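Notebook open, coffee poured. I wanted to know what surrounds the ligand and what the open and closed spaces are lined with.

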Amino acid sequence: MLNIKITPATEKKAKPDSKHLGFGVFYTDNMLVIDHTEGIGWHDARIVPYQPLSIDPAAMVLHYAMESFEGLKAYRKPDGSVQLFRPDCNAERMINTNKRMCLPTLPVEDFVQAVKTLVKVEEDWVPSEPGTSLYIRPFVIATEPHLGVRTSKTHQFIIICSPVGAYYSTGINPVKIFVEDEYTRACPGGTGFTKCGGNYAASLISQVKAHDLGYEQTLWLDGVEHKYVEEVGSMNCFFKIDGTIYTAPCVGTVLPGVTRRSCIDLLKHWGYTVSEERLPIADVMKASEEGKLEEVFGTGTAAVISPVGELRFEDQVAYINNGEIGPVTHKLYDTLTGIQWGTLKDEMGWTVPVE
Ligand SMILES: *Cc1c(COP(=O)(O)O)cnc(C)c1O
């Protein structure tokens, strides 16, 4: 159990219009901070007014990207109460990330307690407009001022919260995806399975390229052969081909998404065959030519489920389901959002109340 000292902001900010929240634009009144010092461990857990950090310009995070992060949401239920979706999965994933990045790990119970305690303090920031939620961003940074490359002796674990809008303000429109065959996101032995800042810095060049070509996001192929499909931007990716549903295996180069895991569980529960074998992009394009590429969608906390309407690989373009959301994609979206916002019964035991 953490001993969290709560000294919240005495002056509260005006709440933004919950019809125009966007994503990551507004921040709540308070934040949670826990210090970590080599030889002492985690100490001084506290909730304080949201404020700029004071860190030394030589802090190692600023030079060597020694940081990790997580992303989850708090949802307002129809009865007015607030709940989280599988926060223990985020806690476990952050432990795996931090081990790989030589950052200190926070026990699962402490992570969940920290999230719950901050969300409780910020409860009136959880919006209730349909599709809106409170996005929660825990992160760890190396704060020791030191320019030699080695592990840091001091760190901070911080949580900030941002009320976010409905991802689909104009209905669920399928996205156009560019298959990246030049740049690489992750390689075996690398950091692909972690949520570390450097992965995203290195992926921007492909996002810019895709935008320039008129596509919304990048589909990454494996880093060794550029042959097998891996992920879409910051979402996991699913393909329904001739009745079977494929998604890339989480073998070190793919981020193990909480939404991915939940979709696999639901699909299996509904009787679908889900394959986590590696899937060549050539098979996807061939299936499209043969009329067997039935549905493609991305999964992640921000968008929940994002249908894909078009895939471009080299000079081939695959159009999926006439640019409309497919039935399985739709059912997953309705079921997951129903459980998350508490309009459907949570038969899977995935939700955690904030009380
Ligand atoms: C966060 C993330 C995902 C999705 O994970 P969720 O836990 O479902 O939000 C997928 N891919 C990448 C690269 C990510 O950073």
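**Entry 1: elements around the ligand.** I started with the secondary structure. β12 (235–241) and α5 (258–269) each give at least two residues to the shell around the ligand. I noted early on that this is a predicted model.

**Entry 2: the shell itself.** How many residues surround the ligand? I got 15, and the closest are Lys195, Tyr200, Glu231, Thr259 and Thr301. I then sorted the shell by character: 4 residues are nonpolar, 7 are polar and 4 are charged.

**Entry 3: polar contacts.** Next I looked up distances to oxygen atoms of the ligand. From the side chain of Tyr200, an N or O atom is 2.4 Å from an oxygen atom of the ligand. For Lys195, I found a polar side-chain atom 2.7 Å from a ligand oxygen atom. Val258 takes part through its backbone, with a polar atom there 2.8 Å from an oxygen atom of the ligand. I also checked how covered the ligand is: taken alone it exposes 380 Å², and the protein buries 96% of that.

**Entry 4: the largest pocket.** Where does the ligand sit? I found it in the largest pocket. I wrote down a volume of about 740 Å³ for this pocket. Its lining has 33 residues, and Lys195, Tyr200, Gly233, Ser234 and Met235 are the closest to its centre. So much for the centre; I went on to the walls.

Which elements supply at least two lining residues each? My list for the largest pocket reads β7 (133–142), α4 (197–212), β10 (217–221), β12, α5 and β15 (293–300). α4 provides the largest share of that lining, with 6 residues. By character, the lining of the largest pocket divides into 12 nonpolar, 15 polar and 6 charged residues.

**Entry 5: the cavities.** I turned to the enclosed spaces. How many cavities of 30 Å³ or more does the structure hold? I counted 2. The largest cavity comes to about 90 Å³ in volume. Which elements give two or more residues to its lining? They are β5 (72–76) and α5. β5 contributes the largest share here, 3 residues.

I copied out the residues that line the largest cavity: Gly71, Leu72, Lys73, Tyr75, Phe85, Asn90, Val258, Thr259, Gly300, Thr301, Val304 and Gln340. Sorted by character, this lining has 5 nonpolar residues, 6 polar and 1 charged.

**Entry 6: cross-check.** I compared my lists before closing the book. Thr259 and Thr301 are among the residues closest to the ligand, and both also line the largest cavity. Val258 has its backbone contact to the ligand and is another residue in the lining of the largest cavity.

Definitions and conventions:
Residues are numbered from 1 along each chain as its sequence is written. This is a predicted model: local features need pLDDT of at least 70, side-chain atom pairs count only at pLDDT 80 or more; totals for chains, interfaces and linings use all residues. Side-chain values use heavy atoms; hydrogens and water are left out. A residue is near a molecule or strand if one of its heavy atoms lies within 4 Å of it. A polar contact is a pair of N or O atoms within 3.5 Å; within protein, one must be able to donate a hydrogen and the other to accept it, and residues adjacent in sequence count only if both atoms are side-chain atoms. Accessible areas come from the Shrake-Rupley method with a 1.4 Å probe; for residues, only the protein chains shown count as cover. On a 1 Å grid over the protein atoms alone, a cavity is a set of points where a 1.4 Å probe fits but cannot get out, and a pocket is an open set with protein on both sides within 12 Å along at least five of seven lines; lining residues have an atom within 4 Å of a point. A molecule sits in a cavity or pocket if more than half of its atoms lie within 2 Å of its grid points. Helices (H or I, at least four residues) and strands (E, at least two) are DSSP runs, numbered from the N terminus. Ala, Val, Leu, Ile, Met, Phe, Trp, Tyr, Cys and Pro count as nonpolar, Asp, Glu, Lys and Arg as charged, and the others, Gly among them, as polar. Grid points are joined across faces, edges and corners, and a volume is the space filled by probe spheres set on the points.
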